[in-house]
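Let's take a walk through this one together, from the outline down to single residues. Have the sequence and the model side by side as you read.

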Amino acid sequence: MIRIRSLTKHYGSNAVLRGIDLDVAAGEFLVVLGPSGAGKSTLLRCINGLVTPGSGELVAAGFDATDMRNVRKLRRNVAMIFQHHNVVPRLSVLKNVLTGRLGQVSALASILQLFSRQDVELAMDCLRRVELEHKAHERTDSLSGGQRQRVGIARALAQRPQVILADEPVASLDPKTSRLVLQYLRAACRELGITVVCNLHQVDYAREFGDRIVGLSGGKLVFDGRGDELRESHLNLIYSGLEQVQAAEQPLARTPAPELAAQGVL
Ligand SMILES: Nc1ncnc2c1ncn2[C@@H]1O[C@H](COP(=O)(O)OP(=O)(O)OP(=O)(O)O)[C@@H](O)[C@H]1O
């Protein structure tokens with residue numbers, strides 16, 4: 001579903017992504033772990049065409065994401081969920097979810113915000129999936145932060161995307177609400193076959209919800225494996241910072257990573 005080869009991105013002299021190779025299978029729930037500034041958001045933004053990579057290949061949902069002519073089609077199929085949910089507070093919950101349909105309807109219908117009965121039924125179904133159907137006609141600013149994030153998920157689902165990119169979707173939520181939000185995302189993955197790539201800071205959630213975890217450090221992937229393969233030594237490598245990754249010159253750690261241990265990296 002996503003194929004990335006030798007992907008780089010620089011901001012001036014700051015090398016943010018330094019040769020990423022990554023495949024994500026259809027229906028997989030992939031968690032990206034990494035310290036602040038590792039390049040996690042930049043990676044997600046490259047996948048949905050918000051950021052143009054410097055070099056490399058990136059195909060998502062069948063579209064070449066490095067070719068900006070594909071951006072509209074790409075974003076129709078690749079939905080994004082942000083940390084601050086980006087919902088429109090003064091709109092009703094239902095209208096916020098319906099904005100997820102804007103990329104799919106005609107330009108005129110989009111300008112006039114005319115939605116068909118099928119669109120409304122789809123939006124209500126998406127609200128049911130995050131258990132907010134009963135809030136459909138309330139103003140979104142009357143909802144809690146966790147509920148707004150669930151509206152963000154429903155809006156993403158209303159797009160009927162092949163891929164959902166979630167950029168620290170639970171960063172500002174309490175533990176109970178965080179797990180609920182991640183459960184809805186995982187259900188979307190399992191029940192609808194949507195591929196999810198989710199940036200997280202919480203290792204426990206990564207282990208619990210990710211089918212697979214990749215560790216990004218200093219713009220390089222330094223771990224790729226299942227949650228139960230992620231050891232303390234890998235976490236040290238992921239969170240050790242740029243210098244050690246450069247010193248290691250080791251592209252990827254896989255448990256038990258005997259090669260890395262032999263080189264004294266772990
Ligand atoms: N638009 C931009 N212009 C210049 N530099 C940028 C821009 N966006 C990101 N960067 C830089 O790229 C690096 C990686 O940022 P990015 O947001 O991808 O990291 P991150 O891993 O998502 O961090 P966090 O966990 O704090 O969100 C940082 O050094 C950041 O300052």
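**A walk through the fold**

Let's start at one residue: Leu-122 has 21 C-beta neighbours inside 10 Å, so it counts as buried. You'll find Leu-122 in helix H5, which covers residues 117-129. Look across from there to Ala-154: the two sit 32 residues apart along the chain, and their C-alpha atoms are separated by 9.8 Å. Keep in mind throughout that this is a predicted model.

Now zoom out. The protein has 11 helices and 10 strands, and of its 266 residues, 44% count as buried. Much of the contact map is long-range: if you take the contacts with a separation of 6 or more, residues 24 or more positions apart account for 67% of them.

Ala-154 comes back when we turn to the interior. The largest nonpolar core has 75 residues, and Ala-154 is among those with the most contacts inside it, along with Ile-47, Ala-60, Val-97, Ile-164 and Val-196. Which helix gives this core its largest share? That's helix H6, residues 145-158, with six residues. Pick out Ala-60 for a sense of how the core is wired: leaving aside neighbours within four places in sequence, Ala-60 is in contact with Ile-2, Ile-47, Ala-65, Leu-74, Val-78 and Val-163.

Staying with H6, look at its partner, helix H7 (residues 175-192). The two pack at an angle of about 10°, with their axes 10 Å apart, and an angle like that makes H6 roughly parallel to H7. On the H6 side, the contact is made by Gly-146, Gln-149, Arg-150, Ile-153 and Leu-157, while H7 brings Thr-177, Leu-180, Val-181, Tyr-184, Leu-185 and Ala-188. The spacing of those numbers should look familiar: an α-helix has 3.6 residues a turn, so residues three or four places apart point the same way. Sorted by character, the residues of the contact of H6 with H7 divide into seven nonpolar, three polar and one charged.

Follow the chain out of H6 and you reach Arg-160, in the loop between H6 and strand E7 (163-167). Its backbone deserves a glance, as phi of Arg-160 is near 50°, a positive value in a residue other than glycine. Arg-160 is partly exposed, with 16 other C-beta atoms within 10 Å. Ala-61 makes a good companion case: this residue is not a glycine, yet it has a positive phi of about 50°. Ala-61 lies in the loop between strand E4 (55-60) and strand E5 (63-64). Is Ala-61 buried or exposed? With 21 C-beta neighbours inside 10 Å, Ala-61 counts as buried.

Next, two leucines on strands. Leu-165 lies in strand E7 and is buried, with 27 other C-beta atoms within 10 Å. Not counting residues up to four places away in sequence, Leu-165 touches Leu-44, Ile-47, Asn-48, Val-78, Met-80 and Val-197. Leu-30, in strand E3 (residues 29-33), counts as buried with 23 C-beta neighbours inside 10 Å. With the same kind of sequence neighbours set aside, up to four places away, Leu-30 touches Val-24, Val-196, Val-197, Gly-210, Asp-211, Arg-212 and Val-214. One of these, Asp-211, is 181 residues away along the chain, yet the C-alpha atoms of Leu-30 and Asp-211 are separated by 6.0 Å.

Last stop: the ligand. Around it you'll see Tyr-11, Asn-14, Val-16, Gly-34, Ser-36, Gly-37, Ala-38, Gly-39, Lys-40, Ser-41 and Thr-42. By type, that shell divides into three nonpolar residues, seven polar and one charged. Strand E2 (14-24) and helix H1 (40-47) each supply at least two residues of the shell, and the largest share, three residues, comes from H1.

How does H1 itself sit in the protein? Seven of its eight residues are buried, so H1 is largely enclosed by the rest of the structure. The buried ones are Lys-40, Ser-41, Thr-42, Leu-43, Leu-44, Cys-46 and Ile-47. Just after H1, Gly-49 takes a positive phi of about 80°. Two names on that buried list should ring a bell: Leu-44 and Ile-47 are among the residues that Leu-165 touches, and Ile-47 is one of those with the most contacts inside the largest nonpolar core.

Conventions. Residues are numbered from 1 along each chain as its sequence is written. This is a predicted model: local features need pLDDT of at least 70, side-chain atom pairs count only at pLDDT 80 or more; totals for chains, interfaces and linings use all residues. A residue is near a molecule or strand if its C-beta atom, placed from the backbone, lies within 6 Å of it. Helices (H or I, at least four residues) and strands (E, at least two) are DSSP runs, numbered from the N terminus. Ala, Val, Leu, Ile, Met, Phe, Trp, Tyr, Cys and Pro count as nonpolar, Asp, Glu, Lys and Arg as charged, and the others, Gly among them, as polar. A nonpolar core is a set of buried Ala, Val, Leu, Ile, Met, Phe, Trp, Tyr and Cys residues joined through C-beta atoms within 7 Å. A residue is buried if 20 or more other C-beta atoms lie within 10 Å of its own, exposed if 12 or fewer, and partly exposed in between; C-beta atoms are placed from the backbone. Two residues are in contact if their C-beta atoms, placed from the backbone, lie within 7 Å. Axes are lines fitted to C-alpha atoms, for helices over the stretch in contact, and angles run from 0 to 180 degrees between N-to-C directions. Angles under 35 degrees count as roughly parallel, over 145 as roughly antiparallel, 65 to 115 as roughly perpendicular and the rest as oblique.
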